[in-house]
Structures are given as structure tokens and as C-alpha cells.
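Have your viewer open and your selection tool ready. This tour goes one selection at a time and tells you what to look for at each stop.

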Amino acid sequence: MTINSEKLSGNLKSSNSVWKFFTSVKLTVIVLLLLAATSVIGTIIPQNGTEQFYLQKYGDVFFKLFNALDIFDMYNAWWFVLLLILLSINIVVCSIDKLKTTWKIIFPDKITFNIERFRHLKHKEVFELDHNLETIEDKYFEFIKKNFSVAIKEQILAKEKGNNYNNEELDKNEKHNDKRVAIFGERGRWTRFGVYVVHLSILFMLAGGVIGSLWGFKAFVAIPEGATVDSAFLRDNETPVELGFKIRCNSFSVTFYDTGQPEEFKSSLTVIEDDKESFTKDIIVNDPLRYKGLSFYQSSYGIDSAKSALFKITSKESGMTYSQKMEIGQTIDVPESGGKFTLTDFVHGYNFQGHNLGEGFVGKLIEKHSDKHDKVNTDKHDEVNTDKHDEVNNSDDKNHTDEQEIYIPIKFPTFDKMRRGEFSFEIEDYEKKYYTGLQVTKDPGVWYVYLGFIFMIIGCWITFFMSHQTICVEMIKKDKGLNIIVSGSANKNGQGMKLKITDIASKMKQL
Amino acid sequence: MNSSIILSITTFVYAFASVLYIGSWTFKKDVMAKAGFFILTAGFTGNTMGIILRWIESYKIGYGRAPFSNMYESLVFFSWTIAALYLFVELKYRERIIGVFVTPIIFLAIAYASLSPSISDKITPLIPALKSNWLIAHVVTCFLGYAGFAVAFGFSIMYLIKPTESGRGLQISENNNKAETHLHSLFSKLPSLDLMDELIHQMVMFGFLFLTIGIITGSVWANSAWGTYWSWDPKESWSLITWFVYAILLHLRMMRGWHGRRIAWVSIVGFMAVLFTYFGVNLLPGLHSYA
Ligand code: HEM
């Protein structure tokens with residue numbers, strides 16, 4: 001039994017000391033210092049880069065060291081998270097510990113005032129009045145009641161009078177049979193809760209962060225204009241996630257200022273559910289689409305392909321140039337009966353003798369070698385016939401020498417001339433088909449974070465700018481007139497309270 | 001008259017006000033501090049007009065945006081917030097001399113904006129991410145916070161160079177050195193230590209509240225533009241670091257009874273963090289296009 005109880009008290013003691021450890025504000029200061037100091041690291045060493053980048057920047061040895069310490073993703077590293085957990089436990093334990101006493105202060109059995117306490121205050125306002133006590137007493141009581149939430153009037157008994165004034169002047173003139181009345185006032189007891197609201201708000205924010213990382217995700221999806229998707233890809237590992245509905249990008253547009261800076265990115269999105277169009281919304285940066293717990297943010301864009309192109313076709317023989325607008329997939333007759341040209345595709349890059357020529361169009365050209373007779377004798381009607389005939393011919397015999405794939409880059413207008421064909425093609429203009437890049441986010445924790453934000457602001461406001469203030473107006477009846485002493489204190493912001501006492505006293509003089 | 005000219009003039013008015021405040025302290029002439037207050041008020045008026053005019057100009061150009069979106073504008077606004085806060089404090093506490101180390105900060109911020117060759121006063125259009133009502137809320141609150149810390153910094157310096165009544169005062173009267181006595185009486189001219197201590201605390205609380213709101217509006221904005229309320233970009237991290245430093249200060253004062261010189265030092269460290277958040281972070285890669 002003895003051993004057991006010793007063990008028990010030992011346990012109690014050790015749990016007690018753990019409790020003590022977490023109630024200490026020293027710990028708070030140290031943890032906050034560590035959080036601040038380590039956060040600096042993450043701002044100096046770029047986060048979440050690639051391995052090659054780090055190897056190149058820091059060398060092999062430091063790379064291994066930093067990597068072992070998770071410094072390349074330090075805000076998610078175990079030790080950083082541990083600091084946050086320590087902070088949370090610290091806040092919880094500390095608040096519980098202090099709340100007991102604060103609670104008693106805020107909800108006392110009976111509100112009492114101790115006149116001695118006020119008499120010891122350094123800052124007092126003292127003045128004399130000619131009125132008699134009875135008339136001024138009620139006025140002052142009403143005044144205090146109006147300015148403070150609680151007002152109490154007390155007769156001061158002879159034995160309480162004492163001579164504990166800091167004010168010698170008053171002491172000298174003191175007579176023991178003077179009649180004295182004190183009016184006490186107070187307000188803002190509840191403001192002592194403010195600091196708990198602040199601390200609670202931090203817990204809400206951290207909880208929101210945890211909820212978000214457990215049950216939320218960040219993904220990305222690129223949708224070409226006109227296309228529909230039903231899933232997005234996680235930022236971290238590219239795994240697809242189902243959206244639960246379909247989303248179509250109707251169009252994307254970007255506008256520019258005359259300085260060349262982008263002015264606005266806009267995507268028109270349609271939500272499709274059960275193969276029915278549900279609704280359409282234009283999103284821009286700062287105005288996302290929110291639906292069923294998911295949010296779609298305008299985050300990037302790019303050129304997916306082209307819708308159409310305007311070609312300049314130059315004939316080598318006549319030197320004439322022709323403008324021709326074409327859609328992808330369209331086939332045209334080359335002017336001057338030069339043959340047939342089909343615009344097959346838009347490509348992002350094209351390899352030409354080891355060089356990438358960048359974005360451009362690919363087409364299929366069937367040149368008809370210029371034959372004077374042909375040119376003179378054909379009218380449009382014939383031409384079509386001939387073409388049809390040709391096509392049949394082509395597929396019949398295997399003579400393909402006339403058909404070639406040509407590439408027309410956007411950046412290099414003279415490139416097609418080098419082919420030395422009968423006709424050269426050049427892009428005058430083209431209509432881009434964009435894709436819109438959407439950040440897709442699900443974050444069920446965000447509301448907890450926002451609630452924390454609101455608590456934080458309210459809590460700070462209460463703790464910083466409101467206080468528990470008490471005031472005492474003591475009135476001493478003299479042979480001629482009254483002596484009035486106004487004093488007061490607050491649990492914070494002593495200077496402000498001093499000013500307030502001065503202010504109140506001067507108002508009372510006027511009453 | 002365009003806004004840049006008004007703001008350049010304001011710079012010189014602020015310079016004049018600082019000279020008067022410093023002079024009133026050096027020559028122990030209260031009149032100069034009084035004059036300083038009026039000149040400072042004049043500068044503040046010019047500053048206000050400059051900002052409003054710039055706002056109007058941006059509409060005339062067709063960009064139509066609040067004047068808080070590049071380094072030049074933010075510095076001008078920084079001066080404005082410090083001046084506003086300081087004028088408020090001087091009026092409320094009826095202490096003139098406390099402006100000695102605050103007015104130079106007001107001047108330096110706007111002077112840096114007006115005179116630095118690397119800071120352009122051109123009105124540029126807003127990129128899409130900055131087009132949000134949160135921009136105004138975010139910038140205004142952040143800079144009110146910075147202003148609180150800047151004023152606290154000025155008071156802290158004042159606190160630290162003022163000798164304590166007992167300690168150094170005694171030494172000086174012993175070795176009867178004239179110059180030192182003069183210096184001593186100069187420092188004694190500063191407001192009482194208790195008041196300074198209190199004012200530092202007040203300003204830190206003011207700054208802390210607004211920095212808090214600034215960080216919060218920033219993250220709400222980030223969430224509406226990019227879908228993440230916190231992404232640990234260097235500017236975000238540094239504002240959080242600053243916030244931690246001042247949270248430490250508040251706890252040291254409230255719970256560990258730190259006062260006076262020690263708190264003044266922590267407040268100076270805090271302001272260094274503010275400056276780094278404001279200027280230093282631009283040297284690091286990140287999302288914020290300016291301060
Ligand atoms: C980032 C974290 C924290 C923030 C932002 C914060 C904020 C604050 C603020 C603003 C005050 C009021 C100070 C004043 O009145 O001037 C305060 C007071 C206090 N804090 Fe914290 N706090 C944090 C963490 C903690 C932790 C972890 C503890 C745990 C020990 C703690 C314990 C206290 C205590 C005991 C007080 C004084 C309460 C009173 O006046 O009775 N704080 N805190």
C-alpha cells in the first residue's frame with residue numbers, strides 16, 4: 001500500500017511538473033523564438049525545388065545534410081510541426097491553468113470595492129465644491145452609473161476613515177466627524193476574457209490547417225477551349241482526382257494594357273452534371289468558381305492549338321500573292337491551279353535539322369506541276385473534276401511523289417521559301433485556341449481558419465483597447481462645502497486610465 | 001501640378017518639421033516643437049493631397065486603381081500612416097518632444113520614395129492578381145501596423161538614450177564635466193521614462209493589431225486569387241516572423257514583467273524585422289510584386 005501510494009504521488013508529481021512545464025510563458029517565448037528563427041531558413045533556402053537544382057546550388061555534402069533535416073520542405077518538416085504542436089499544447093494548458101482564476105474574477109460571488117486600494121493610488125484628482133453633499137451625491141451616482149456598467153454607493157464609517165491618503169493636504173484638514181460617501185464604479189470585467197479568445201483563435205487556425213491538409217487537396221487541370229474534363233491532377237504527384245461533375249471551358253481570353261502588361265485573364269466555364277448543363281460562370285483571377293466544395297481558380301493559360309490561320313501564298317512563277325483563311329482540317333485549291341493544300345494540324349514545335357522551329361502549322365501539299373495547257377484550259381468546274389480524278393489516281397497507283405508534308409512556322413515567315421516549291425506559304429495571322437489552367441482546390445479547413453481570423457481580431461481588440469476599469473469618487477463633507485477625490489485604476493493601460501480619470505474629474509466639476 | 005510634385009514638396013516640408021523637432025530638443029526651445037507640429041501637419045496635408053491626386057490621375061489615365069500598388073506609392077503611404085499616427089499620439093498625450101525620433105522616419109520614407117533613382121513614380125496599371133478590393137484593405141492595414149512599429153521604434157530609441165534619473169545622473173554631477181552636464185540636461189528634457197515605456201507598449205499593441213489584420217486580409221485575398229490562404233512565400237514568412245517577434249514582446253511584458261530598456265530593445269529588433277519584411281524580402285524570390 002505504501003509503495004503504491006508513493007508511486008501514485010510520484011506520478012502525480014511528475015504529471016504535475018509536466019503540467020507546470022506547459023504552463024510556463026518562458027516556454028511560449030522560447031517556442032515563438034524558435035518558430036521565428038527557423039522560419040527564416042525557409043525564406044533563404046528556396047523550398048520544394050528539384051534535386052538537381054539543390055545539388056547544383058549547395059553541392060553534395062550540404063544537399064545531403066539539408067535533405068536529412070527536411071530543410072527543402074521545412075514548413076512541413078517533423079521538427080517544425082513539432083514546434084507548432086508544442087505551441088498548441090502550451091496554449092491549451094496555459095489557458096486552462098489561468099482560466100480558473102480569471103473566471104473567479106469575472107464572475108465573483110459579490111462585487112466588492114476596497115476603498116483603501118483607491119486611497120493608495122498615486123494618481124488622483126482632487127477638487128473642492130461649494131454644494132452640499134446630499135444634492136451632489138445623487139448626481140455623481142447617476143454620472144458614474146451612466147459611464148460605467150456598475151455603480152455602488154457606500155457610506156464610509158468612522159473606523160474606516162483612517163488617514164491613508166497620499167494627499168497630505170487632505171490629511172491635515174481631516175476631522176473625524178466629517179461625513180463621507182464613496183461611489184464606486186467599474187466596467188469591463190468581461191474584457192479579461194479577451195486574451196483567451198486570442199489564444200483560442202490560434203488553435204482554430206492550426207486546426208483548420210490540419211483539416212485542410214488531411215481532407216483537402218490542391219490540384220491542377222488544363223482545359224482547352226471547347227473541351228470538357230471530369231478530373232484534375234494533384235499538384236504533388238499528378239494523381240488524377242475525380243471532380244464528381246464535369247467542367248467545360250467555353251472560351252478563354254486575355255487582354256493587355258498598352259504597356260504590354262496583362263490586364264485580365266478570363267475563362268468561361270460551364271458545369272455539367274448528369275450530362276446536363278448546370279450553369280456557366282466567367283472566372284477571372286480573384287473571382288473563382290466555387291461548386292460543391294471545390295474551387296476553380298484562374299491560374300495560368302497557354303496556347304493549345306489554333307482554330308484557323310490566314311495564309312499568304314506566293315506563286316514563284318507569277319510572283320502573285322494570295323491571302324487565304326483556313327480552318328484546321330480544311331482543304332483548298334492552291335491558286336493558279338497549283339494543286340491542293342490541306343491544313344492538317346497545329347504543332348507546338350517542329351524539329352528541322354536539329355533545330356526546334358517553335359509553334360507552327362503542318363499541312364499536306366499536292367503540287368500540280370505547271371503545265372501551260374492545263375492552266376489555260378481548265379475552268380473551275382474542270383478543276384474539281386480533275387482533283388477528284390487525281391485523288392482516285394493517288395490512292396490507286398502508288399505514285400506519291402507529288403504529295404508532301406510541309407511545315408509553316410509562325411516565327412520564321414521565309415522558311416517555306418527554302419523548300420523551293422512552286423508556291424510558298426507564310427502565316428499572316430492565326431486565331432489561337434487557348435487552354436486555361438485551373439487550380440482546383442478543396443479545403444474543408446478554410447472555415448475554421450477564417451473563424452480563427454475573426455476571433456483573433458476581436459480578441460486582440462479586446463485585450464489591447466479595452467480593460468477592466470474601476471473608479472472611486474470619495475466625497476468628504478467639510479465645514480464649508482465638499483472635498484472630492486476621484487481615483488481609479490485599470491488592469492492595463494495605466495496611462496490611458498490616468499487621462500480618463502482627469503477627464504472624468506473635469507466633467508464632474510462641471511456637473 | 002501633379003501628384004509627384006506635391007509629394008516632392010511634401011518631402012521638404014517633412015524635412016523641415018524634423019529639423020524643428022530635433023532643434024527644439026537640442027536648443028531646449030519649446031516654440032520650435034510647437035512650430036514643428038504645425039509644419040508636420042502641413043506636410044501631412046500635402047501628403048494626403050498627393051495621394052488623393054494620384055488616385056484621381058490613375059483614373060484619368062484609365063487604369064483606375066488605388067494608389068497603393070508599387071514601391072513608390074507604398075513608401076508615400078508609409079510616411080502618411082506614420083505621420084497620421086504620430087499626430088494622433090501627440091494630440092492625445094499632449095507631449096511635444098516625443099516627435100524627435102519619429103519625424104525623421106516620416107521624412108526618410110518619403111525621401112527614399114522621391115529621391116531614390118531605383119524607385120519610379122510612374123503610375124503603372126495593375127496586374128490581374130492585384131485587382132481586388134482586398135488590395136486596399138491589405139495594404140492599409142499592413143501599413144498602419146508598420147506605422148505603429150515605426151513610432152514605437154522612435155520612442156524606443158528615445159528611451160534608450162535618455163539616462164535613468166538615478167544611475168547616470170549621479171555620475172555626471174560627480175565629475176562635473178560641463179559638456180556632459182549639458183548633454184545630460186538635454187536628455188532629461190525627454191519625456192518621463194514611465195510615459196515612454198507606456199507609449200512604446202501602446203504603439204506595439206496598435207501595430208500588432210493592424211499587422212494581424214494585415215496578415216489576415218492578405219491571406220483571405222491569397223485564398224480568393226490562388227486558392228491558398230498561406231503558401232509560405234518569403235514575404236508571408238517574414239511578416240509572420242515579425243508578428244512572432246512582437247508576440248514575444250507582448251508576452252515578455254505581460255507575463256515576465258519586462259519593462260523599459262529591455263522592451264525598448266525588443267521593439268528595435270521587431271522594427272528591424274519590419275524593415276526586412278518591407279525591403280529585404282525583395283532580394284528573395286516570391287509572389288509579392290512589391291513591398
Ligand atoms: C502565436 C501565439 C500567441 C499569440 C499571438 C499570443 C497573443 C497574446 C496576446 C496578444 C496577449 C495579450 C498581451 C497584452 O495584453 O498585451 C497574450 C497574453 C498572454 N498569453 Fe499569449 N499568445 C500566444 C501564445 C501563447 C502561449 C503559447 C501561451 C502559453 C503559455 C500564452 C500565454 C499568455 C498569457 C498567460 C497571457 C497573459 C494573459 C493575461 O493577461 O492574464 N500565449 N497573448
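**Stop 1: chain B**

Select chain B and follow it along the sequence: the pattern reads α-α-α-α-α-α-α-α-α-α. Keep in mind as you go that this is a predicted model. In total, chain B has ten helices and zero strands.

Now colour chain B by burial. Of its 291 residues, 60% are buried. If you display contacts with a separation of 6 or more, 81% of those in chain B join residues 24 or more positions apart. Switch on the surface of chain B as well: about 11,700 Å² is exposed, and carbon and sulfur atoms supply 68% of that area.

**Stop 2: where the chains meet**

Next, bring chain A into view and select the contact between the two chains. You should pick up 50 residues from chain A and 48 residues from chain B. The size of an interface is often given as the accessible area lost when the parts come together. Here chains A and B bury about 4,300 Å² between them, with 70% of it on carbon and sulfur atoms. On the chain A side, highlight A:Thr43, A:Asn286 and A:Phe464, which supply 15% of the area that chain A buries against chain B, more than any other three residues.

**Stop 3: the ligand**

Centre on the ligand, which lies between chains A and B. Which of the 21 residues around the ligand come nearest? They are A:Thr28, A:Ile91, A:Cys94, A:His199 and B:His251.

Show the side chains and look at the polar atoms. Both chains offer a histidine here: a polar side-chain atom of B:His251 lies 2.6 Å from a nitrogen atom of the ligand, and one of A:His199 lies 2.8 Å from a ligand nitrogen atom. Then find A:Lys98, where an N or O atom of the side chain is 3.2 Å from an oxygen atom of the ligand. To see the elements that give two or more residues to this shell, select helix H2 (25-44), helix H4 (78-106) and helix H9 (194-215) in chain A, plus helix H8 (193-225) and helix H9 (234-255) in chain B. Colouring the shell by residue type gives 13 nonpolar, seven polar and one charged.

**Stop 4: A:Ser424**

Finally, move to A:Ser424 in strand S18 (residues 423-442) of chain A. Is this serine, A:Ser424, buried or exposed? A:Ser424 counts as buried because its relative accessible area is 11%, and buried means under 20%. Leaving aside residues up to four places away in sequence, A:Ser424 touches A:Lys312, A:Ile313, A:Thr314, A:Asp416, A:Lys417 and A:Arg419.

Note on methods: Residues numbered from 1 in each chain as written. Chains lettered and ligands numbered in written order. Predicted model: local features only at pLDDT ≥ 70, side-chain atom pairs only at ≥ 80, totals over all residues. Heavy atoms only, no water. Helix = DSSP H or I, 4+ residues; strand = E, 2+ residues; numbered from the N terminus. Buried < 20%, exposed > 50% of the residue type's maximum accessible area, 1.4 Å probe, protein only. Contact = heavy atoms within 4.5 Å. Areas by Shrake-Rupley, 256 points an atom, 1.4 Å probe, with all protein chains shown as cover. Near = heavy atom within 4 Å. Polar contact = N/O pair within 3.5 Å; in protein donor to acceptor, adjacent residues only side chain to side chain. Nonpolar A, V, L, I, M, F, W, Y, C, P; charged D, E, K, R; others polar. Buried area = accessible area lost by both parts, 1.4 Å probe.
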